Structures are given as structure tokens and as C-alpha cells.
Amino acid sequence: MKLDSLVRTAPSWMSGGDDADGIVISCRARLARNLAQFPFGSRITESQQLQVIDTVLAAAKSSNSMSTATYFGMSVLDGNERRVLVERHLISPTLADDKGERGVLFNQDESLSVMINEEDHLRLQSMSPGTRGKSAFAAICALDDELLNSVECAHDSRLGFLTACPTNTGTGLRLSVLIHLPALVLTEDMERVLRGLGQLSFTVRGVYGEGSNAAGNLFQISNQATLGASEESILEELIGITEKLVGYERDAQDALRKEARGQVEDKVWRAFGLLSQARILTSQEFMNLLSAVRLGCTLGLVQGVPSSFLNHLMIATQPSHLRAEAGHSLSPAERDLRRADLVREKLSEVDNS
Amino acid sequence: MKCDVCKEQQATIEFTAVAGDEKKTLHLCAQCSKQESLEKDAQTEELTPSEGSQNKKLNAAVGQLPGADSHKGPCSGCGMTYEEFRKIGRLGCSKCYEAFEPALRRLLKRIHGSEKHVGRGPRASQAAPKAEVPATEAAVVEQKPQNLEQLQQELQAAVDAEEYERAAGLRDRVARLQRDESS
């Protein structure tokens, strides 16, 4: 598989999983694992890193889920290609920028990936669309069983899986849900909701925004603790929180619909109009307009635009994807032009009559 | 003056710790002083007020006993020191978990609200050899943490009662048990 071919297409795990209202965008499960015989990332030598890669690739080859997976060593990719993988959530910025021998293995639909030699030797990841958190979890457990059947993991009977950072010790599991909460932001209830979540030891952060400033009203909810609670109970808790948030968001949407129908419809269709016609789109503006259109889809105002289409657009308009598509480097101004071109072109392909 | 902790940055902050009658002054750079005070916060934050004051008492008392900082020696697996861990926030290898007890245990408790793993274990194929351990030996292994916990409780009680000589003896036994566990 060539990396170029990735750029034009959506990660295929994204399609086919639209939940009824498009509020929950995706679920992600991640497990941190280390091989028992090697030091962690900060202390490992390059030759040991190569041994880790060999061990993991051999284990992957004999597995069911990853036998036909593609491996990219970071050393064979240029900076922009690595960023493309970051934008597709296949690797972390750390893996992209770090020194040493490291790489990523991922399957055809990009739903499963294994980062090798990040701060932990292995970071297994599973993505699923919509509210299918349970299937992301099941997939990561299956991959964990398969891959690590043949290797010995750093594990302690009291502390569970041992990881480079103490914030991952125990299960090594980070479960997260990407959720779109425009009405809660609009009705200014988000602050209150966020405060409540903090008490439940789940963290919330904006996904594409800087710091806590969530661009496009997208929030990522993930568990904080990895020690003391089983994987299943973390999953149950996250599902419970997600359902609650969806409920709050629906209530807020109902309230908006009742009290400000005209304004909401205007906001949605203005956004649609701008996305369909604008010649320059900054990433911030694009994310905010996309959020309004997504709200329009959830409310049933905009028809025929699936959630997966919007999700793909969100990835395709990221800087490194735009640059890869252009085939040369772009100034920020050129990027904004290209972004608008791409959005217009894609939107003209969907039938929203 | 260079920072006493990282020995690299320029020290800009004087940090004074008082334990019992002893006053200790550290010269720290901005980054290390932040970590120092974070750690101090962490030690008290994790506990209820009454537990917190007990814990401080314990720290102050055990801190004065000789060899109390022995856990802060470098990790036998990778040579990382506790100070280095605090600086980069990442452990060097799986042995660091034993080397940095009990400071790391406190840290884990603060981060997760727990210090005991619940959930998935290593693979079935790896668990198999463990099952071959004779039952009696397995029982001994099982009992160790209990004993350790009991000893630690006794140690706490001795410190509360200000029986420092007894506390010193208990502390050494705790340290020995922890060493045995890690070997």
C-alpha cells in the first residue's frame, strides 16, 4: 500500500456506522503494552528498538486480524507523510516526531493499528464509528490476545501492565468517545456539563482546537484512571456517560427547536451556503461551519449528507492531507484556498435536495 | 548557582523543607521547584485531612531515620534515578516500579485513586508456567503482600505512638520485604 492512495480516500472504518442522530462520531480504544525484556522508550537503544519491531511484526504476521496489515517505518516517511498519519489518527504526534526506530502497523480499513516504539513498545488502537464503543473494545481485546500471545509483556500481579508513564499503569486502557455537542455549547450549558464530568474522573478535551478551546463543538471524553477499575467497568461507565451526554444534547436541541427555530435553521443553511460557495476557508471557520451543517443533519433539516461524509471531510481538509493532495508545500493562504476548493467539490457530489 | 535537583538549570528559587528539628534548604530552578511543590501537593491531596496530617507525621518521622531515602537509589534495571523520573515523567523500565517504591505507589494512588490492578492479565500461555509452582510456594508468594501491609500498619502505629526505635526496626523489615519481592 502506498501512502498516496490513503490521502484521497476516507478511512473505511468511518463509513457504515452512522448512528441515528450523528451526535456520537467515533469511539477509540487504546492499550499500552511493553515487552518484558526491553527497557521503556526513554532508555531503549536503537538495536533494541529494532528487536521490538521484529518481535511485533512476527507476532502480527501470525495473527488473524493483522496478518495483511501494512507497516510503515517512520524513517521511510517524510515529515508531511507522517503528519498525514497523525491526521488520520493512526499515529500520535510523538511517534511522528520522536527519534529512533519506530513505526506503525495498520489494517486495510484503518480500524486497527499498532504503534511500535512510542513511549511504550506497543500502543494498540481500535477505532469504530458512531456509538459502537463495544465493538472497538472487543476488537482491541482480540488484537491484544492475538498479538501478545507469543510475546511476554511487562506485567505485575499487583499493578497490572507496566507502562512508561504512571498515568497508564494497570489496564493501559484509554477509551474515548468523540462527540458533537453544538446545542449544549449554544445554550451555554457545556460548562456545567464539563464540571460534572470532571468529578467522574473522565477528561474532556477539544479535538481539533487549541488547548481546551474545542473547534467545531467536538469533544473527546476519555477515562483518566487505568488502575483499580476493570476494562469492562471503564467501558460501561463511558457508555453511560455518553448516553447521558447525548440525552442532554437532545434536550438542548429540542429547546432550540422550540424557542429559536428560525435562528437555528438560518444558522444551518447559512453554514451550508458558505461551505458550498466560499473560496477561502480557514480551518477554524471550516470546523465551525461544519458543526452547524452537522447540527442541521441531526435535526433533520439537511438531508442526504451522511455523518461519515462530514467526518471524512474533516480529515481531508487537514493541512497535511491538503499538502499531500497538492503534491507540493502550501502557504497558509494557499491552503485556505485549496480547502475551500475541496469542500465545494465534495459538497457538489452529495445530493441534499 | 545551579539547581540542586537537575544540576543543569540556573537555580532561581530557594525551597526550604522543615522536618522535625531539621531544616533543609534546596536551591531549585523554576521547573524543578514546580515539580517539588506538585509532589508535595500530591502527598497531601490524596488523603483526607486527618490522614494527611498523619502522613506528614510519618514522613517527617521516617525521613529523620537513617536510610529512609534508600528507595531513591537508581533503578537496578536501567539506572534511572527517581529525580530523573520526576524530571521526564516517564519510567525507564519495568524494574523502576520496584526501585521507586513507595514514592511511586503514592503517585499511582493519587493519579488513579487506587494502587491495585483489576482487569485483564497477561496471556493464558504465559500464565501457564505459573500454575506449575507448588501450592505451598504459591501460598507464600500470596501471603507476602499481606505481611507487608501488616508491617506497614504496625510501622504507622509505632510512628503514631512516637516509638521511633520500634519504627526503625519495622521500617528495615518493610524495606527487606520489598527488596525480596522485587528480586
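The following dialogue discusses how to read several features of a predicted model.

Reader: How should one read the two directions in which residues point from strand 4 of chain A?

Author: In a regular strand the side chains alternate between the two faces of the sheet. In strand 4 of chain A, Leu112(A), Val114(A) and Ile116(A) point one way, while Ser113(A) and Met115(A) point the other way. Both sets are buried, so that 5 of the 5 residues in this strand, which spans 112–116, fall below the 20% limit on relative accessible area.

Reader: In which sense does strand 4 of chain A pair with strand 3 of chain A, and over how many bridges?

Author: Strand 3 (residues 103–106) and strand 4 of chain A pair in the antiparallel sense, over 4 bridges. Within this pairing, Leu105(A) stands opposite Val114(A). The two strands form a hairpin with 5 residues between them, and Glu110(A) in the turn has a positive phi of about 65 degrees.

Reader: How many bridges join strand 4 of chain A to strand 5 of chain A?

Author: There are 5 bridges between strand 4 and strand 5 (residues 122–129) of chain A, again in the antiparallel sense. Here Ile116(A) stands opposite Leu122(A). This pair of strands also forms a hairpin with 5 residues between them, and Asn117(A) in its turn has a positive phi of about 65 degrees.

Reader: How is a salt bridge within a helix to be read, for instance that of Glu265(A) and Arg261(A)?

Author: An α-helix has 3.6 residues a turn, so residues three or four places apart point the same way. Glu265(A) and Arg261(A) lie 4 residues apart in helix 9 (residues 261–277) of chain A and are therefore separated by about one helical turn. Their closest N and O atoms are 3.0 Å apart. Glu265(A) counts as partly exposed because its relative accessibility is 27%, and Arg261(A) is likewise partly exposed, at 44%.

Reader: Where in chain B do the partners Arg105(B) and Glu115(B) lie?

Author: The side chains of Arg105(B) and Glu115(B) meet in a salt bridge of 2.9 Å, N to O. Arg105(B) belongs to helix 5 (residues 103–112) of chain B, whereas Glu115(B) lies in the loop between helix 5 and helix 6 (124–131), 10 residues apart from its partner. Arg105(B) counts as buried because its relative accessibility is 14%; Glu115(B), at 26%, counts as partly exposed.

Reader: What area do chain A and chain B bury between them, and which residues of chain A lose the most?

Author: The two chains bury about 2900 Å² between them, 54% of it on carbon and sulfur atoms. On the side of chain A, Arg43(A), Arg158(A) and Pro166(A) lose the most area to chain B, together 25% of what that side buries. The contact takes 40 residues from chain A and 32 residues from chain B.

Reader: How many salt bridges and polar contacts are found between chain A and chain B?

Author: The count is 5 salt bridges, and 18 residue pairs are in polar contact. Helix 5 (133–148) and strand 7 (160–161) are the elements that give two or more residues to the side of chain A that touches chain B. Helix 5 of chain A gives the most, with 4 residues. That side divides into 17 nonpolar, 15 polar and 8 charged residues. One of the salt bridges joins Arg158(A) to Glu101(B), with the closest N and O atoms 2.6 Å apart.

Definitions and conventions:
Residues are numbered from 1 along each chain as its sequence is written. Chains are lettered from A and ligands numbered from 1 in the order in which they are written. This is a predicted model: local features need pLDDT of at least 70, side-chain atom pairs count only at pLDDT 80 or more; totals for chains, interfaces and linings use all residues. Side-chain values use heavy atoms; hydrogens and water are left out. Contact means heavy atoms within 4.5 Å. Buried area is the accessible area (1.4 Å probe) that two parts lose on being put together, summed over both. A salt bridge is a side-chain nitrogen of Lys or Arg within 4 Å of a carboxyl oxygen of Asp or Glu. A polar contact is a pair of N or O atoms within 3.5 Å; within protein, one must be able to donate a hydrogen and the other to accept it, and residues adjacent in sequence count only if both atoms are side-chain atoms. Ala, Val, Leu, Ile, Met, Phe, Trp, Tyr, Cys and Pro count as nonpolar, Asp, Glu, Lys and Arg as charged, and the others, Gly among them, as polar. Buried means under 20% relative accessible area, exposed over 50%, partly exposed in between (1.4 Å probe, protein chains only). Two strands pair if DSSP finds at least two bridges between them.
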